[in-house]
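Hi,

Here is the structure I promised to send over. Have a look at it first, and then read my notes below.

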Amino acid sequence: MRIRLLFAFAIITAINAQAFTTYKVMLSDNYPPYNFINEQGEFDGFNIEILNAINSVYKSQLVITKGGWAYVNNALEKAEIEAVGGVHYFDNNDDKCFYTRSVINTFHCFLYNTNRQKKFSIKDIRTTPSPLVALWENDVLQHYVLSLNPNARFVFVHSYHELLDQLERKEVSCAIAQKTAGLYYADKLGKDYIVASNKVFLERHMGFKVSKDQGELIEILNNGLEIIMANGEYEKIHNKWIAPYNKTRNDWNYYLKQISLGGAAIFIILIALLVFNRVLKLRVRKKTKDLQSQLQLNSNIRHELEDQKIKAEVSDQMKSAFLANMSHEIRTPMNGILGFTELLKSNSYNSTEREYFINLIQQSGDRMLSTINNIIDISKIESGAEKVLIREVDIKKITTELYNFFKFEASNKGIELKLEDDNCPAPCTFYSDEYKLNSILTNLIKNAIKFTHEGSVTIAYSYSNNTANFRVSDTGIGIKLEKQQIIFDQFVRADISYSSKYEGSGLGLSISKEYVHMLRGTIRLESEEKKGTTFFISLPNLNGNK
């Protein structure tokens, strides 16, 4: 008995330790605006705020530390930390480490001094007999310049301050630098006359490098990035730290000056004409009014195009999040099907083992089919293609069929499935969309069985002439209070850890919520962690009308 108690205590201790796992992520302290020590002595920058945003999703599982770049990489190699941020890479082929999806793309450009030349392009490098270029001592950059002009000369620098100082020299044609960092330093040093050309090159991905044995951390970082990209937090951080230094240069001052001079000339001509001819004055007024109307129309069109651009960017972010989540949900069962199918080709297994393999293949197929159905349903909802088909439905028949369908699955899991009604006479006729009602209840019952390990799952309903009420309750793991506010969002589950034993795409409750709203109903939940969850659905009788 004592040995059992000690064993149980060890298991509980291990579970609690996993629940409070934290990960150390280290970044360089001297790479503004991505990560650096600001004037107040605080660790600040783009990557810092990205990690803080992910931390807000995962409740401070990430501990951010800093150091010199060589020290940071050495710490990862010695396993003193779990990940490094601000890493540039062309691909993620590495036997020792994982790489997250790209946080941001970086690239190099030409910097030049507008006090000496108004414009700059690659043509200037090619046509100058022996251009002098300031840059870091880097073979790739040198070969790139020499490919443009074999007679090019170089002056090598060791910091951005030194690089910008070189641009003050008349004999220096231009400089090469990472665009965002170069313009950041120019801004901080008050050198707004140093600008970047529109030509960019040497594009690389920047992200996080994670130890190979930290699979859960790579999942947290990738999923966290998808979430903040989808909810708009990433865009706020990007607009604060990166966007101001990635703008394409336009010579607006020159154009505005020309427009102002032209406008003044036109105004003088109009005054002269008004003095000499009253009729011409009236005609000019009419033309001016027409021009203002056209300008207003053009302004409205421009605003509309800007709105459409924003919608397209948001749509692209959501598409990326959708593909990332669905890729995992489709690849996992597909790998199971292919793997166990390959085992079935061998004669090394007996009939019991082969039957076990076949059952696993069937489970993987069912999981993939469920994922595909969810993808189709959510795609129809998002595109507005999903329509409501109202007809007379039998509530008692639907709930009874679902009870009989899931009874075997619940029994195999060792839990009791109950069906309760409010003395509803057969048939319980009601006007609604039968497919959507069935889908709502199916998702809720399936989730209840999935997250219940002992006890029972109850399906209950009541009916009146105006309303049908449904209740699906369980004695399962429950839902944390902080998760209850977002549980109906797409791709959100109560258990999001990398090692979670619960399968699913996180779309079921989102689809159910949308279907309930399409049927003009309401859905809510009550839950207590480790005690169970109850979902309440109330649908109006639509009386045969949409």
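**Charges over rings**

Let me start with lysine 66: its charged end sits over the ring of phenylalanine 43, 5.7 Å from the ring centre. Keep in mind throughout that this is a predicted model. There is another arrangement of this kind to look at, with the charged end of lysine 436 over the ring of tyrosine 515, 5.4 Å from its centre.

**A small sheet**

Next, the strands. E2, E3 and E4 form an open sheet of 3 strands in that order, with antiparallel pairing. Strand E2 (30-31) and strand E4 (43-44) are the edges, each pairing on one side only. Between E2 and strand E3 (residues 35-37) there are 2 bridges, and the two strands run antiparallel. If you want a spot to zoom in on, tyrosine 31 stands opposite asparagine 35 in E3.

**The cores**

Which residues touch the most other members of the largest nonpolar core? They are Phe46, Ile50, Ile54 and Leu111, in a core of 54 residues. Taking isoleucine 54 from that group and leaving aside its neighbours within four places in sequence, you will find it in contact with Leu62, Ile220, Leu221, Gly224, Leu225 and Ile228. Apart from this core lies another, made of 40 residues, and Val388, Tyr403, Ile445 and Ile511 are among them.

**Aromatic pairs**

I count 19 aromatic pairs in the structure. One of them involves phenylalanine 46 and tyrosine 234: the ring centres are 6.1 Å apart and the planes are at 85°, so this pair is edge-to-face. The pair links distant parts of the chain, as phenylalanine 46 is in helix H2 (residues 46-58) and tyrosine 234 is in helix H9 (residues 233-241), 188 residues apart. Both phenylalanine 46 and tyrosine 234 are buried.

Tyrosine 184 and tyrosine 185 are also worth a look. Their ring centres lie 5.8 Å apart with the planes at 90°, so that pair is edge-to-face. Tyrosine 184 and tyrosine 185 are both buried. They also belong to a cluster linked by ring pairs, together with Phe36, Trp136, Tyr160, Trp241 and Tyr245.

**Two residues up close**

Serine 130 is in the loop between helix H4 (122-127) and strand E9 (132-135). Is it buried or exposed? Neither, as it turns out: serine 130 has 31% relative accessibility, so it counts as partly exposed. Not counting residues up to four places away in sequence, serine 130 touches Asn151 and Arg153. Its side chain reaches the backbone oxygen of asparagine 151 at 3.1 Å. As for proline 150, its C-alpha is 8.6 Å from that of serine 130, with the two positions 20 residues apart in sequence numbering.

Threonine 533 has its place in strand E19 (residues 532-540). With 4% relative accessibility, threonine 533 counts as buried. What does its side chain make a polar contact with? The partner is the side chain of serine 527, at 2.8 Å. Beyond its neighbours within four places in sequence, threonine 533 is in contact with Val472, Ser473, Asp474, Gly478, Ile479, Glu526 and Ser527.

Cheers

Conventions
Residues numbered from 1 in each chain as written. Predicted model: local features only at pLDDT ≥ 70, side-chain atom pairs only at ≥ 80, totals over all residues. Heavy atoms only, no water. Pairing = 2+ DSSP bridges. Helix = DSSP H or I, 4+ residues; strand = E, 2+ residues; numbered from the N terminus. Core = buried A, V, L, I, M, F, W, Y, C linked by side-chain atoms within 4.5 Å. Buried < 20%, exposed > 50% of the residue type's maximum accessible area, 1.4 Å probe, protein only. Contact = heavy atoms within 4.5 Å. Phe/Tyr/Trp six-rings, centres within 6.5 Å; stacked < 30°, edge-to-face > 60°. Lys NZ or Arg CZ within 6 Å of the ring centre and 35° of its normal. Polar contact = N/O pair within 3.5 Å; in protein donor to acceptor, adjacent residues only side chain to side chain.
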